[in-house]
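User: Could you walk me through reading the backbone features of a model? I would like the general idea and then the case at hand.

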Amino acid sequence: MMQLRNSPGEILDRVAKDGEVFVIERNGEPKACLVPVFFLLPDIPPDRMAREFERLNEKYDKHTLTVTENNELQIGILETAAGENIVLTVVLPHGYPQAAPRVHAAPLHPDTPNRWPDGSLPLFGDPTLWNGKGHDAVHALGLARQWLRQYAAWRRTGEWPNNKEIAS
């Protein structure tokens, strides 16, 4: 409690930036905790989310929004590829939009190529190519739809096409 009284800004920075957790005691008994926001809620600026949800609602009439067990926002959209119903999920991680979203598609054929080891789709090439200022969840969904076109072509032919083959 004394450390919090003497330097509240420093303590808040340590919680927000470094993910530290503080138990606040009074008379030797724990009374409260200071924890990073992402312990309880998605750590995404509200004004950014409002803009993204507006774009999402304009572009996709049917989608779901959920909060994962890790308190990250997840957007779900039902698509069809190769005659199969596939759900695209975009997980907006803590620190989004600076951190790239993770995009998954399920169910997929077990041997589906062109995925990261965790099963997510390699939409941005290397995740460091994500541009948080110019890209958003709608952009990620557009790339996921392109990936689904490649998936459908792979299911038909057994070969993963390049982007030029899909465009024609």
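Analyst: Happy to. Let us begin with Ala 82, which sits in the loop between β4 (73-81) and β5; helices (H or I, at least four residues) and strands (E, at least two) are DSSP runs, numbered from the N terminus. This is a predicted model, in which local features need pLDDT of at least 70, side-chain atom pairs count only at pLDDT 80 or more, and totals for chains, interfaces and linings use all residues. Residues are numbered from 1 along each chain as its sequence is written, and side-chain values use heavy atoms, with hydrogens and water left out.

User: What is the phi of Ala 82?

Analyst: The general idea is that most residues other than glycine have a negative phi. Ala 82 is not a glycine, yet its phi is positive, about 55°.

User: Is Ala 82 buried or exposed?

Analyst: Buried means under 20% relative accessible area, exposed over 50%, and partly exposed in between (1.4 Å probe, protein chains only). Ala 82 has 37% relative accessibility, so it counts as partly exposed. Across the chain, buried residues make up 35% of the 168 residues.

User: Which loop holds Asn 114, and what is its phi?

Analyst: Asn 114 belongs to the loop between β6 and α4. Its phi is positive at about 60°, although Asn 114 is not a glycine. Asn 114 counts as partly exposed because its relative accessibility is 34%.

User: How should I read the peptide bonds? Which bond joins Tyr 96 and Pro 97?

Analyst: In general, most peptide bonds are trans. Tyr 96 and Pro 97 are joined by a cis peptide bond with omega of about 15°, and Pro 97 lies in the loop between β5 (84-92) and β6. The bond from Ala 106 to Pro 107 is also cis, with omega near -5°; Pro 107 is placed in the loop between β6 and α4 (137-157).

User: Where is the mean pLDDT lowest and where highest among the elements?

Analyst: pLDDT is the predictor's confidence in each residue, from 0 to 100. Helix α5 (residues 163-167) has the lowest mean among the elements, 48, and strand β6 (residues 102-106) the highest, 95. For the chain, the mean is 85, with 90% of residues at 70 or more.

User: And how many helices and strands are there?

Analyst: The chain has five helices and six strands, and along the sequence they follow the pattern α-α-β-β-α-β-β-β-β-α-α.
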